[in-house]
Amino acid sequence: MHPIYFLKLVLRNALRHRLRSGLTALGIVVAILAFGVLRTVVDAWYAGAAAASATRLVTRNAISLVFPLPLTYMGKIRQIDGVKSVSHANWFGGVYITEKNFFPQFAVQAQSYFALYPEFVVDPGQMRDFLRDRKGAIVGRKLATTYGFKPGDQVSLRGTIFPGNWEFVVRGIYDGAEAKTDTSQFFFHWDYLNETMIKLAPRRANTVGVYVVGLTSADRAATVTAAIDATFRNSLAETLTETEQAFQLGFVSMTEAIVVAIKIVSFLVIFIIMAVMANTMAMTARERTAEYATLKALGFGPLSLAAMIFGESLAIAGAGGLIGVVLTFPLAERFAAEMGSLFPVFNVGRETVAMQIAAALLVGAVAACLPALRAARIRIADGLRHVG
Amino acid sequence: MKIPFSYTFRNLWTRKLTTALTAGGMALVVFVFATVLMLEEGLRKTLVETGSHDNVVVIRRSSQTEVQSVIDRVQAAIIESQPQVALGAGGERLVSKETVVLVNLIKRDTDRPTNVLIRGVAPQGLTLRPQVRITAGRAFRPGSSEIVAGRSAAERFKGAGIGETLWFGLREWTVVGTFDAGNSGFDSEIWGDAVQLMQAFRRPVYSSLLFRLNDPESFDQVRAQLERDQRLTVEAKREKVYYAEQSELLAKFIRYLGLTLSVIFSVGAVIGAMITMYASVANRIGEIGTLRALGFRKRSILAAFLTEAVLLALVGGCAGLAAASFMQMFTISTMNWQSFSELAFSFTLTLDIAAKTLLFSLVMGVVGGFLPAIRAARLKIVDALRAI
């Protein structure tokens, strides 16, 4: 048969039961949409690890993150061969107005920290203001948009780990150098934290949450890691050093059960829609049994019949899938806005789109298998006798 | 007059593939719906039953969790001497001054580290929590480097089994027993002597205090006393309330994610049911005409087709529920974001959940079957009879 006629026939067939085809396509739109958003949620989970640099190590207390490290380690780490620079950060864990407004806050050694993270792009003027102001803070673009922070704004946080009410002045806003950079963080001066702790709880002063270590080159990671941990072995605060990526993946693995559940569910939705689509094709093929027999009697081979059914199924699934992919982007944007800073980075990846399209085509192909087989095998006499 | 039930049933039976596919899709949706409810119930049970109504937890004000809380010895002594604190059989005050830290332990199955909560308790700690029973080995001896592990902690972490040893705080700790806390959150913890753990971690302060009230109704009074006292910066909560709050975020997340998924999935399943029912109507136009001509009312036709859809949904619902009930054999472990420690909980099926699930499937059936049933009922007798 001429390909144009073939395509025409397939299209006509697909549009014969408008309501049924429409409903099926709608189901596929919903499924592909859900699949895409779920995959994006999983990607967002790994965003921290994806944005990690290979030339940065994180050193923390070997017992767990809850225990701090002494400030004196800074000099010792810097002496180790292969270390280019060292900075440190403390997780602050403050509450902005209510517990609902969660965003990460770090007390950092400002100059060295921003030097280690070139992906946090700050206007030099704002940076100067920040360095001059002991109570100054630098916030990410996304955070600033969410809460309307502008340079000069006062921000008050209620400490959970460090007691008291803490006042900050926003001095600058940082942008991410790449789309995967987390711009929902809040940085302020560790000195401000430390001076207050010296007064309030001297025992907890001069301590650091984690050290961030910059390497001269990425291939020194293994030796430097071992050297740092060896330096502090058998001390009161033993250390555990990992690459930044391993450190971030550690957090992901703690909530792995949830990630796995989301992944399973994202495939389950494809299964469900496969059942719906297969049902549609099975019904369609059953109704047209007599027609297929007629076509066979006219001389069409079993392969062309199978191709027709596959074509129809793929056309419906493809159309639904396409609409689904297109709708994923605005929905993901909306979802990210609703979630606020829970997912700092929430982008629909190229891989996700590829998987969506593949899933739609797979659904179409699988649904057509059984009906195509039946149509190809049908005997003309039986088929003509068949009443839909 | 009603159309006999066997007519409806046989209609489903003749088209087995379509029935199976539609019911299968619905079963998957029902399965997801049920497992989410079961997970939420399991989490609720685990954390709510961790606490007891007449126990009071005291933590530093606005520290949210025990891990972040600090109570020094002077404050602890003041709290301990409140007149509402119950006395034990030997006249001792039923107070457990506890120290709570997080330690990184390696999971047995994945070899990955996770935060485990280590709780140093006073000898009264066990009396205050009657649900905790030593099931193997013995309790730790005060003043020694001995620890006991909760049932699920012993199963999941390397070195936490009975007879094994753990290394933290520059000491080797021997696990001398395991305890069962009746599926509560304590099952994911490891307990030792508070004094020894404070030594090991170089912490001169407690994390929290737990005491029993001599009169369960005197809670408001003791809370007012503690929060009014100028020497203290603490907050007091009933133990039950404290643990319920700990799970709030995780429970909310599971509920929102689960319900969103259920809604999306049910759209798919309803569409599947609708397609099936529309086809079922279209195939039987002549039959419907005959039935009407025989004197069956529109109402009866509507009822027959609705029954068919509901029956279809019920088959799916029962299959989904049966599959979900098998999930009770699995235990989920994930990090609780609020306490930052690992928590194990299992899927719990209750009668209430079973009823909700079946109701959900019935609603899907009615929604999916309603429009096609109306179409069937509205057919004009003459047109329908002519369609053969």
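Of the 388 residues in chain A, buried residues make up 42%. This figure, like every other value here, comes from a predicted model. The fold of chain A is built from 15 helices and 12 strands. Its C-alpha trace spans about 95 × 45 × 30 Å along the principal axes. The radius of gyration tells a matching story: chain A has 30 Å, whereas a compact globule of 388 residues would have a value near 21 Å. Contacts that reach across the sequence are plentiful, for among the contacts in chain A with a separation of 6 or more, 82% link residues 24 or more positions apart.

A look at the domains helps to place these numbers. The domain assignment divides chain A into domain 1, made of 3-47 and 256-385, and domain 2, which covers 63-237. The C-alpha centres of these two domains of chain A are 48 Å apart. Where the domains meet, 6 residues of domain 1 of chain A are in contact with 9 residues of domain 2 of chain A. On the domain 1 side of this meeting place in chain A, 3 residues are nonpolar, 3 are polar and none is charged.

Two local features of chain A are worth a closer visit. The strand β12(A), residues 239-243, is mostly covered, with 4 of its 5 residues buried. Its partner is β1(A), residues 56-61; the two strands run antiparallel and are joined by 5 bridges. Within this pairing, Leu57(A) stands opposite Thr243(A) of β12(A).

The second feature is helix α12(A), residues 289-297, whose buried residues are Tyr292(A), Ala293(A), Leu295(A) and Lys296(A). Seen down the axis of α12(A), these buried residues fall within an arc of 160°, so they line one face of the helix. In general, an α-helix has 3.6 residues a turn, so residues three or four places apart point the same way. The packing partners of the buried residues of α12(A) are three helices of chain A: α13 (302-339), α14 (350-377) and α15 (380-385). After α12(A) comes Gly299(A), which has a positive phi, near 115°.

Chain B also has two assigned domains: domain 1 takes in 5-48 and 248-386, and domain 2 takes in 62-232. Here the C-alpha centres of the two domains lie 46 Å apart. In chain B, 13 residues of domain 1 are in contact with 15 residues of domain 2. The elements that give two or more residues to the domain 1 side of this contact are α2, β11 and β12 (342-346) of chain B. That side of domain 1 of chain B divides into 5 nonpolar, 6 polar and 2 charged residues.

Finally, the two chains meet each other, with 46 residues of chain B in contact with 37 residues of chain A. On the chain B side, two or more residues come from each of α2 (16-48), β2 (95-106), β3 (113-121), α9 (248-283) and β11 (331-335). Of these elements of chain B, α9(B) provides the largest share, 14 residues. The side of chain B that touches chain A is made up of 23 nonpolar, 19 polar and 4 charged residues. Two elements thus return from the account of the domains of chain B, for α2 and β11 of chain B are listed at the domain contact and also at the contact with chain A.

Terms used
Residues numbered from 1 in each chain as written. Chains lettered and ligands numbered in written order. Predicted model: local features only at pLDDT ≥ 70, side-chain atom pairs only at ≥ 80, totals over all residues. Domains from an automatic or database assignment. Contact = placed C-beta atoms within 7 Å. Nonpolar A, V, L, I, M, F, W, Y, C, P; charged D, E, K, R; others polar. Rg over C-alpha atoms; globule rule 2.2 N^0.38 Å. Buried ≥ 20, exposed ≤ 12 C-beta atoms within 10 Å, placed from the backbone. Pairing = 2+ DSSP bridges. Arc of directions from axis to C-beta.
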